[in-house]
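Trainee: Could you take a close look at one part of this structure with me? I'd like to go through the aromatic rings slowly.

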Amino acid sequence: MDWLQECRQELDRMANEVFETPELKRYFSSPLTWAGYHVKRTMWSRYANPTHRDCWAYVMGAAPIDVKQVIWRHEEDELIFDERLGRAHVAWDKEEEEEKSRDKGFEVPEAPPGVRVACWGRVHIAKNSPWLEGLAASHIIERLNNPKVVKEGLTLSRRGVNQVMNDLKVPFDKLSPSARVHLDADEEHSALTWSVFERHVKGEEAFSQSIQGAKRSLDCFRVYADAVGNLMASVS
C-alpha cells in the first residue's frame, strides 16, 4: 500500500468534510455583523493563534532535526518577519484587534469555556502525542487554508474574507493586510509542512499517527467554532 498517498487522500477528505459540520456552518453563518466580526477576530488573535504558536513549538521540541528545520522556517513568517506584511503575522493580529475594536467602540466578551477547552485540547495533543501526530494536528489547520485541497477554493480564510466583503461591504482593497496575506500564506505553509510527511510517512504506524492527530485537532476546532459561533450570535 502507498501509505503516503493514502495519508494525503484522507487528510484532504477530512479538510473538506469539516466545512459541512454544523459547527463550521454556524461559524460562517450570515449575515455577519460588526459585533460578530470583532468576536471572531478577537477570539482568533487572543486564543486560537497563540495556541497554534505554542503547538508548533511543542512539536518542534520533540521532532527530529530535519523536522525542526521545517517548523523553524514555517514560524518565521508568524513570529519574526514576513516581507509581504513588513512585520510578523502576530504583530498584525494584535494591531488589528485593537484598532477595529476601538474604531467601532465594541468591547469583546471574555472567551467562553468552549474556546478555552478547545485550545487546551490542542496543546495537550502537541505536548503528549508522538511528534508526527502533533505535527498532523497543526498541519491539518493549514490544510483548511489550501485552495488546492479545499473544494472550489473556499478555504477557511477565503470564507472569512467573503463574509467581510459580502456582509460588511468591505471592498477587497480595504481588507486588512493580514487577511489578504493569509489567502496565500497558508497554502505555502501547508506545502512546506507536507514535505515532512513525504519523508516520514513510510508505513502504517506513521499513517495512523497522522490521521489520529488530524482527527483530534479537527474535533478541537469544531468545539472552538461552536463556542465562537454561539458568542457571535449572542452579541449580534
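Are F221 and Y224 buried or exposed?

Mentor: Let's start right there, keeping in mind that this is a predicted model. F221 is buried, and Y224 is buried too. These two residues sit three apart in helix 10, so about one helical turn separates them.

Now for the rings themselves. A pair of aromatic rings is described by how far apart the centres are and by the angle of the planes. Searching the whole structure turns up eight aromatic pairs. In one of them, Y27 and Y224 have ring centres 6.4 Å apart and planes at 55 degrees, so this pair is called tilted. Y27 belongs to helix 2 and Y224 to helix 10, so their pairing ties together parts that lie 197 residues apart in sequence. Like Y224, Y27 is buried. Then look at F221 and Y224: they form a stacked aromatic pair, with 6.1 Å from centre to centre and 15 degrees between the planes. The cut-off helps here: planes under 30 degrees apart count as stacked, so 15 degrees fits that label.

Zoom out a little and you'll see a cluster: ring pairs link Y27, F28, W44, F221 and Y224. Y27 has a charged neighbour as well, since K40 lies over the face of its ring, 4.3 Å from the ring centre. You'll find another case of this kind at F19, where R159 lies over the ring face at 3.9 Å from the centre.

While you're on helix 10, follow it to its contact with helix 1. Two packed helices are described by the angle between their axes and the distance between the axes. The axes of helix 1 (residues 3-17) and helix 10 (residues 204-235) come within 10 Å and cross at roughly 10 degrees. That makes the two helices roughly parallel. On the helix 1 side, the residues in contact are W3, E6, C7, E10, L11 and M14, and they meet E204, F207, S210, I211, A214, K215 and L218 of helix 10. Sorted by class, this contact has eight nonpolar residues, one polar and four charged.

One last stop, back towards helix 2. P31 is in the loop between helix 2 (22-27) and helix 3 (34-62). Most peptide bonds are trans. The bond joining S30 and P31, though, is cis, with omega about 0 degrees.

Note on methods: Residues numbered from 1 in each chain as written. Predicted model: local features only at pLDDT ≥ 70, side-chain atom pairs only at ≥ 80, totals over all residues. Heavy atoms only, no water. Axes fitted to C-alpha atoms, helices over the stretch in contact; angles between N-to-C directions. Helix = DSSP H or I, 4+ residues; strand = E, 2+ residues; numbered from the N terminus. Parallel < 35°, antiparallel > 145°, perpendicular 65-115°, else oblique. Contact = heavy atoms within 4.5 Å. Nonpolar A, V, L, I, M, F, W, Y, C, P; charged D, E, K, R; others polar. Phe/Tyr/Trp six-rings, centres within 6.5 Å; stacked < 30°, edge-to-face > 60°. Buried < 20%, exposed > 50% of the residue type's maximum accessible area, 1.4 Å probe, protein only. Lys NZ or Arg CZ within 6 Å of the ring centre and 35° of its normal.
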